[in-house]
Each structure stands twice: as C-alpha cells, then as structure tokens.
Amino acid sequence: MKHFPKNFLWGTAMSAPQTEGQNLSFGKTATIWDHWFKTAQEKFYQDQGPKVTSDVYGHYLEDCRRMQAIGLNSFRTSISWARLLPDGKTINPEAVAFYRQYFLAMLDHGVEPIINLFHFDTPMWLMTRGGWENRDSIDAFAFYARTAFELFGDLVDKWTTFNEPLVHVECGYLYQYHYPAVVDFKRATQVAYHTLLAHKAAIKAFREVTQTGKIGIILNISPTYPKSEAKEDMLAAFRSDLLNTRSFLDPAVLGTIPDELLVLLKENELLPETKAEDHKLIENNIVDFIGLNYYQPRRVQAPKVTRLPAQMPADFYQPYDWPKKKLNPHRGWEIYPEALYDVAMMMKENYHNMPWYVSENGMGVAAEETFMNADGEIEDDYRIAFMKEHLSYLHQGIREGSNCFGYHAWTFVDCWSWLNGYKNRYGFYRLDLATRERSMKKSGRWMKQVSENNGF
Ligand code: BGP
C-alpha cells in the first residue's frame with residue numbers, strides 16, 4: 001500500500017474554454033478560439049468548436065455532485081476573462097453570478113476550488129490590439145486578476161495566474177496550433193516576456209488585495225533527457241531546459257531569469273524589449289506554490305545544422321526518437337512515468353523544496369466507445385495503469401522528501417481539446433456528445449478508492 005501525505009489533494013483539472021459552453025452568450029465576448037473557429041473551421045477536428053463544449057454552464061451543479069461521488073476533494077478550473085470583463089474594463093454581472101454559484105457548489109460538495117485566470121483564451125478585444133505583443137497586456141491582465149481576487153476571494157483560497165504560459169507562446173508564435181498562428185521566434189520571446197510580467201503583476205495585485213490566500217502558476221513540465229552524454233547532446237538538453245523549464249520556473253520561484261538564457265537570446269538577437277523597472281517586478285512577487293502539468297518527457301539531441309541567429313528552437317535542440325520508448329499512439333506522446341520522480345527531485349533540490357502539486361497528468365485515448373462493456377461502462381484499464389505507474393514514481397519522490405501536496409488528473413469529464421475537438425478522451429466520466437450526459441468510467445470507480453484510502 002502506498003500512502004500519501006495527510007490532506008493530500010486528489011482532484012481533476014479542466015478549463016473554462018474547454019468546458020463551459022455558452023461561448024457568446026450571457027455577456028461573454030469572443031476569444032481567439034471563437035474567432036478562429038469562425039474564420040478557419042476546417043482546422044478543427046470534425047468541425048467541433050468552442051460553442052457548446054461540455055456545457056458546464058448548464059451542468060455545474062450535477063458535476064460537483066459527481067466530483068463528490070468519486071471522492072475528489074479539490075478541482076481546478078479557470079475563469080473566462082472574456083466572460084468576466086467582456087470589454088476588458090466592465091464587470092459582467094451574469095459572469096459574477098455564474099462563477100459564484102459554481103464555486104459555492106464546489107465548496108458545498110467538499111471540493112476545494114483552485115482557480116486559474118488564463119488558459120490559452122486571449123480575449124479578441126486584446127488580440128485586436130496586438131495581443132500579448134502589446135505591453136498594455138500586462139496592465140490589462142493585472143486589472144482582470146485584481147477584479148477576480150476582489151470578487152471571489154471570499155470563496156477561493158488557492159489561485160493560479162496562467163496555465164502553461166509557454167504553450168500559448170509556442171503554439172501561437174512558433175508552431176501554429178493556436179491563433180494567430182504566426183512563425184516568428186523574436187515575436188514569441190516578446191509574447192513570453194509580457195506573459196511573465198503579467199504573471200508577476202497579478203501576484204503583486206494579489207498581495208495587495210489579500211493576506212490570506214495562496215497563489216501560484218501552472219507550468220508544463222517535460223524534463224529533458226539527452227540522446228547521449230556527448231558534449232553536444234548535453235548542451236542541447238541544457239538549452240532545452242533553459243527555454244522550456246527554467247524560463248518561467250526560475251523567475252516564478254527564484255525571482256531571476258537565468259543568465260545563460262539571457263546570453264543565449266542575446267547571441268541570437270532574440271532579446272525582448274524591456275523596461276528598467278521590470279527587474280524589481282520579477283525579483284519580488286514570488287509564488288506560494290507551483291503546479292506542474294506532466295504528460296511526456298522531452299528527448300533531445302544536438303542539431304545537425306545550426307543557424308545563427310536561430311530561427312526556431314530546433315536550432316538549439318532537435319527531437320530524439322528513443323527506440324525503447326513506450327507510446328500512447330492516440331496522442332503520439334511517450335509514456336514515461338519515471339520522470340515524475342525526477343520532477344519531484346528537481347523541485348526539492350533546485351527550487352527550495354517549494355510546495356508543488358501535479359496539476360495535470362492523464363492519458364488521451366481515441367474511440368473509447370470500443371472499450372464499453374455491456375452495462376455501458378468504459379473499461380479504461382489503460383488509464384488506471386497509467387495513473388498507478390505515475391503515482392508510484394511520485395510517491396517515491398515524496399518519500400524522499402519532495403514537498404508535493406496533490407495530484408490532479410486531466411480530466412474530470414471528457415472535454416474539448418482545441419484543434420483536436422473531442423477526438424482524445426481523458427475524463428473519469430465519459431461525455432455523450434449527442435446529449436451531453438456524463439457516465440462514470442471504470443477509472444472513476446478506481447479513483448474513488450484511491451482518494452478514500454489516500455493511496456493504493
Ligand atoms: C494541457 C492543457 C490542457 C489539455 C491537456 C491535454 O497541455 O493544459 O488544456 O488540453 O494538455 O492535451 P490535449 O488536449 O492537447 O490532448
């Protein structure tokens with residue numbers, strides 16, 4: 001039996017744009033996703049867009065009951081910025097009523113809310129002004145954050161600023177999976193820098209508004225493993241970690257941007273525009289905790305040819321296809337649970353053992369109906385095995401002193417996944433796309449036992 005620490009958080013994560021529905025009603029204005037679906041619908045899997053998603057707007061009360069039914073004591077979702085502040089300035093009373101009822105329903109069902117402010121859903125009113133390339137985005141986000149803390153601070157103790165801030169940067173400005181789908185390394189670093197400052201400005205606002213709650217940030221973590229110990233491969237791995245991990249984790253926890261990162265960006269003419277006062281904002285405004293989303297490792301090797309200045313991250317490191325890898329063929333991601341132990345040790349050794357939790361981990365599988373038994377239950381034994389393995393390595397890290405306080409699975413009810421629509425399912429509950437009904441999967445029953453026993 002593997003026991004987890006007392007008061008360990010067992011829960012799931014979701015986000016506003018992937019679940020709420022009512023995308024252009026009750027006062028909400030368009031985000032980049034609503035706009036992109038309208039203008040480039042063919043990019044989206046089976047034309048599935050952000051309009052209805054899982055209709056949490058109409059189901060949140062029963063959903064909170066369902067969380068309780070499988071023993072979950074916590075839950076992360078996000079507020080939609082474009083719903084709360086449809087023009088960036090004016091508070092939408094319908095949004096306030098909705099979120100208050102939603103958060104109250106969580107509390108009534110013994111589920112602690114962890115509320116995130118940004119999950120890839122840039123409002124269009126901001127995007128038409130240049131989005132995160134515009135320095136005004138920092139103040140706009142800080143105003144939104146302060147408004148949310150003031151409106152919901154009596155119901156919410158744990159907050160996070162951004163979910164995976166690097167993802168909206170790389171998908172929007174390098175790899176074309178998010179709007180505006182441009183490819184420009186220099187613009188990407190500017191967007192990243194403003195995002196970092198927006199995070200810091202939100203922490204500053206939080207400390208001014210409240211003395212009681214806790215605030216953190218959710219980062220995607222893909223620990224880097226080099227192909228070999230050759231100097232060139234090791235350098236590639238070091239640079240990958242600089243760009244993909246330390247770029248946000250160091251400033252969030254340590255209050256510094258790594259010198260090596262600044263040198264690398266400078267050499268490659270990629271430094272963003274900055275102001276002298278930024279330094280103080282970055283140095284102060286340290287988080288209380290970190291959330292880490294872990295799905296897959298990153299295996300790299302030295303690039304065969306390098307361009308100077310670099311045009312893409314591939315000029316610093318290239319993917320290495322490890323022949324022994326275990327693969328989730330649906331999502332195309334490697335399954336490597338061992339990395340969770342390495343992540344736990346990284347937090348302990350390099351980040352003052354700051355409190356942290358696994359804020360997402362899970363397995364997306366297509367055509368799950370093929371695993372449905374005669375009673376209509378999805379027998380997702382692969383998901384149970386996946387989580388058990390990951391939890392085992394996490395447990396080892398905790399036993400060795402890493403300060404991890406929870407495990408949140410992605411996700412609660414199957415949700416809409418950006419360009420992939422409802423292709424890959426992740427939930428403890430299955431979503432019927434025709435009726436929006438939810439039904440518990442075998443993994444939901446399993447999770448109930450795990451949380452009841454605080455281990456397995
Ligand atoms: C994370 C995101 C989530 C979610 C998840 C699963 O990166 O925070 O929003 O989507 O990945 O990935 P996907 O939906 O791309 O399969």
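Biologist: Which residue's side chain does Asp34 join in a polar contact, and at what distance?

Modeller: In this predicted model, the side chain of Asp34 is joined to the side chain of Lys28 by a polar contact of 2.9 Å.

Biologist: Okay, and where does Asp34 sit, and is it buried or exposed?

Modeller: Asp34 has its place in helix α2, which runs over residues 32-39, and Asp34 counts as buried because its relative accessibility is 8%, where buried means under 20%.

Biologist: What else is Asp34 in contact with, if we skip its neighbours within four places in sequence?

Modeller: With those neighbours left aside, Asp34 is in contact with Asn23, Leu24, Thr29 and Pro50, as well as with Lys28, its partner in the polar contact.

Biologist: Let's zoom out, then: how many helices and strands does the chain have?

Modeller: The secondary structure of the chain comes to 15 helices and 17 strands. The radius of gyration is 21 Å, close to the 23 Å that the globule rule gives for 456 residues, so the chain is as compact as a globular protein of that length.

Biologist: What does the chain span along its principal axes?

Modeller: Along those axes, the C-alpha trace spans about 60 × 55 × 45 Å.

Biologist: How much of the chain is buried, and what supplies the area that the chain exposes?

Modeller: Buried residues account for 60% of the 456 residues, while the chain exposes about 18300 Å², of which carbon and sulfur atoms supply 51%. If you look at contacts between residues at least 6 apart in sequence, 78% of these join residues at least 24 apart.

Biologist: Now the ligand: how many residues surround it, and which are the closest?

Modeller: The ligand is surrounded by 13 residues, and the closest are Gln18, Glu164, Arg331, Ser417 and Tyr426.

Biologist: How far are the side chains of Glu164, Tyr426 and Trp418 from oxygen atoms of the ligand?

Modeller: For Glu164, an N or O atom of the side chain is 2.7 Å from an oxygen atom of the ligand. For Tyr426, the corresponding distance between a side-chain N or O atom and a ligand oxygen atom is 2.5 Å, and a polar side-chain atom of Trp418 lies 3.3 Å from an oxygen atom of the ligand. On its own the ligand has 370 Å² of accessible area, and the protein covers 92% of that.

Biologist: Switching to helix α11, which of its residues are buried?

Modeller: Helix α11 covers residues 259-267, and in this helix Leu261, Leu264 and Leu265 are buried. These leucines are on the same side of α11, because they cover an arc of only 95 degrees around the axis.

Biologist: And what is on the other side of α11, and what do the buried residues pack against?

Modeller: On the other side, Asp259 and Lys266 are exposed, whereas the buried residues of α11 pack against α9, residues 185-209, and α10, residues 231-254. Just after α11, Glu269 takes a positive phi of about 55 degrees.

Biologist: You mentioned α9, so which residue's side chain does Glu208 join in a polar contact?

Modeller: Glu208, which is found in helix α9, has its side chain joined to that of Arg146 by a polar contact of 2.5 Å. Glu208 and Arg146 are 62 residues apart in sequence, and their C-alpha atoms are 8.8 Å apart in space. With a relative accessibility of 45%, Glu208 counts as partly exposed.

Biologist: What about Thr224, where does that one lie, and what does it contact?

Modeller: Thr224 lies in strand β6, residues 224-226, and counts as buried at 11% relative accessibility. A polar contact of 3.0 Å joins its side chain to that of Ser240, and, leaving aside neighbours within four places in sequence, the residues in contact with Thr224 also include Ala237, Asp241, Arg298 and Val300.

Biologist: Last one: is Val56 buried or exposed, and what does it touch?

Modeller: Val56 is found in helix α3, residues 56-69, and is buried, with a relative accessible area of 1%. Not counting residues up to four places away in sequence, Val56 touches Met14, Thr19, Glu20, Asp63, Tyr102 and Arg438. From C-alpha to C-alpha, Val56 and Ala339 are 33 Å apart in space, and in sequence they are 283 residues apart.

Key:
Residues are numbered from 1 along each chain as its sequence is written. This is a predicted model: local features need pLDDT of at least 70, side-chain atom pairs count only at pLDDT 80 or more; totals for chains, interfaces and linings use all residues. Side-chain values use heavy atoms; hydrogens and water are left out. Buried means under 20% relative accessible area, exposed over 50%, partly exposed in between (1.4 Å probe, protein chains only). Helices (H or I, at least four residues) and strands (E, at least two) are DSSP runs, numbered from the N terminus. The arc is that of the directions from the helix axis to the C-beta atoms. Contact means heavy atoms within 4.5 Å. A residue is near a molecule or strand if one of its heavy atoms lies within 4 Å of it. A polar contact is a pair of N or O atoms within 3.5 Å; within protein, one must be able to donate a hydrogen and the other to accept it, and residues adjacent in sequence count only if both atoms are side-chain atoms. Accessible areas come from the Shrake-Rupley method with a 1.4 Å probe; for residues, only the protein chains shown count as cover. The radius of gyration is taken over C-alpha atoms; the globule rule is 2.2 Å times the number of residues to the power 0.38.
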